[in-house]
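Hi,

Here is the structure I promised to pass along. Have a look at it first, and then read on for what turned up when I went through it.

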Amino acid sequence: MRKHSLWGLISTAVAVLVLLSACSIPGIPNSSTPPESENVADFSNIHYQLIGDLDVENRVATGTQTTTFTASSIAEPLDTVGFHLYANSYSSPETSPSMGYSSIPAKDALGRITVTEATVNGNKIEKFNSEGQFLELKLPEAIQPGETVEVTLVFNTKVPVSTERFGCYEEICSYTQWHPLLAKYNVDTKTWDDHNYALQGESDYIDDASYNATLTYPEKYTAVTGGVDNEKVLDGKKQLTAELEHGRIFAIIISEHFEIKEKTFDETTIRTVHDSRNTDFTEKDNENLFTDANGAISFFSEKLGEFAYAKQFDIVETAVEGFAMEYSGLVQMGYFFNGQHDYQFYDVVAHEIGHQWMYSKIGSNSASSPFIDEGFTTFITAYYYEIEHQDNPDAEYLGLSSLAAYYTGQTIHGPIGESVYYFDKQGAYAYSDAVYSGTALALNELRLLDGQKLDAVLAAIADKHSYGFVTRNDIYSYIEEQYGVDTKEQFMYMINEPYYKYPTMLIGTQL
């Protein structure tokens, strides 16, 4: 996710924070750092089959989801199976996530998901509760280690009236947290991850999976998904079939006003999905969007490995306010340009493209370690502008040099490595200052010490954790391999200390 405007938000954040003095000598990482590694089950062959109908007028989706997976890396039988119901975070104004700019939905326009039937391996589950954000099914027959499991859930989802990532507004509906998602299972504690969704940012912790979907809706609408999709008219309605080979969450965005254009660069097909009512966005603007999106994809592919969504990647205009959001194979933007300078818009697009690697392809626990998801993506985006747009005066302020110059001598409000729930209590400015900018600055110090070694760290993350998960301890070990133990400890200091003055490792070095 990215807030619109790059350093404008940062400037405001620094102005309103009361900055405390930092210790100038790196020390031992703060012991309050959230625990990073969990012994979680490595379920394999996870597949979602979704059959649904979208009643756009009434903001309702009804569906049947069959989830299959192999119960890998467990030594004992499972008596339960758990699913996240993130849509229920929108069932109350007090729990509705907000990106900080748009309003929480009105009481009579909230969202929710209700599971009405559940079957596991052919056994119907008679009693369960789907009112909260987590669904746990108690099984009549235990799941054995290595067994292939099939869970079928019948559900209906109400989409809120909202300019948040999950919502309908101004005749554009974003079904982005609309279906149940298989939770992670902790082998040590023998419990499912049942966290509630954070009030700001993201707190997804979801396995990579494959998806097949068949969706129907009224003929006047056009829908796009994160998968490779095909739309046709059938019996007076439209039917969309979609296939997503690798995905964390399967998003659908639908409107009667969408205009789709596409362009293929080598093996990558990019589609722009534009609200035709926005006449300020011209054909030339669309070509520039294609060019910059392809430039970002090419750069990120070089640093973090193959682009997973080359067959079809969608950049979609919606009514979200003040932010943009990523899903596997799809970027959810606000109104294209939205009155901003061109390159501020492109920067947001590039940031969301970066998330196609750091969280979608390379997963992490974004609840406990949001700096891996958002901070690494902020860094790689600024790295792109630093290298590829260094001679472009319109874009140079988006690069790492500009970020470093702005923050030199200032104190970063942290700890950068805290959980997303910690920042729920601190506010959006603290979250942006620490998780986004602070992480990018820490990685930039590694780049300034030795850029080739940092590239090797990024390559190791991609090579060893694509379609899986990377932890902070993994990252620390790759830094130690390339830079040595002293630099690793300095990096850990920046991630874990409540406050530090930038720069830390390069004090006395000309930036």
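Let's start with a strand pairing: His 47 has Ser 210 in β14 as its bridge partner. That contact belongs to the pairing of β2 with β14 (residues 209-218), which is parallel and runs over seven bridges. Bear in mind throughout that this is a predicted model.

β2 also pairs with another strand. Residues 44-55 make up β2 and residues 60-70 make up β3, and the two are joined in the antiparallel sense by ten bridges. Here Tyr 48 is matched with Thr 67 in β3. The hairpin of β2 and β3 has four residues between the strands, and Arg 59 takes a positive phi there, near 60°.

Elsewhere there's an open sheet of four strands, ordered β9-β10-β18-β15, with antiparallel pairing. Its edges are β9 (167-169) and β15 (222-225), each of which pairs on one side only. From one strand to the next, the twist averages 10°. If you want to look at one of the joins, β15 and β18 (residues 252-255) run antiparallel with four bridges between them, and Thr 222 finds its bridge partner in Ser 255 of β18.

Now the helix I'd look at: α5, residues 370-388. Its 19 residues reach 27 Å from the first C-alpha to the last, close to the 27 Å expected at 1.5 Å a residue. Is α5 enclosed or open to the outside? Of its 19 residues, 17 are buried, so the rest of the structure largely encloses the helix.

The aromatics are worth your time too. I count 31 aromatic pairs in the structure. One of them is Phe 299 with Tyr 384, a tilted pair at 5.7 Å centre to centre and 50° between the planes. Phe 299 sits in α2 (residues 283-304) and Tyr 384 in α5, so this pair ties together parts that are 85 residues apart in sequence. Both of these residues, Phe 299 and Tyr 384, are buried. They also belong to one aromatic cluster, whose members include Phe 300, Phe 307, Trp 357 and Phe 379.

Last item, for your cation–ring collection: which rings does Arg 248 lie over? Tyr 359 is one, with Arg 248 over its face at 5.6 Å from the ring centre. Phe 469 is another, and there Arg 248 is 5.0 Å from the ring centre.

Shout if anything looks odd when you open it.

Cheers

Note on methods:
Residues are numbered from 1 along each chain as its sequence is written. This is a predicted model: local features need pLDDT of at least 70, side-chain atom pairs count only at pLDDT 80 or more; totals for chains, interfaces and linings use all residues. Side-chain values use heavy atoms; hydrogens and water are left out. The expected span of a helix is 1.5 Å times one less than its number of residues. Buried means under 20% relative accessible area, exposed over 50%, partly exposed in between (1.4 Å probe, protein chains only). Rings of Phe, Tyr and Trp (its six-membered ring) pair if their centres lie within 6.5 Å; planes under 30 degrees apart count as stacked, over 60 as edge-to-face and the rest as tilted. A charge sits over a ring if NZ of Lys or CZ of Arg is within 6 Å of the ring centre and within 35 degrees of the ring normal. Two strands pair if DSSP finds at least two bridges between them. Axes are lines fitted to C-alpha atoms, for helices over the stretch in contact, and angles run from 0 to 180 degrees between N-to-C directions.
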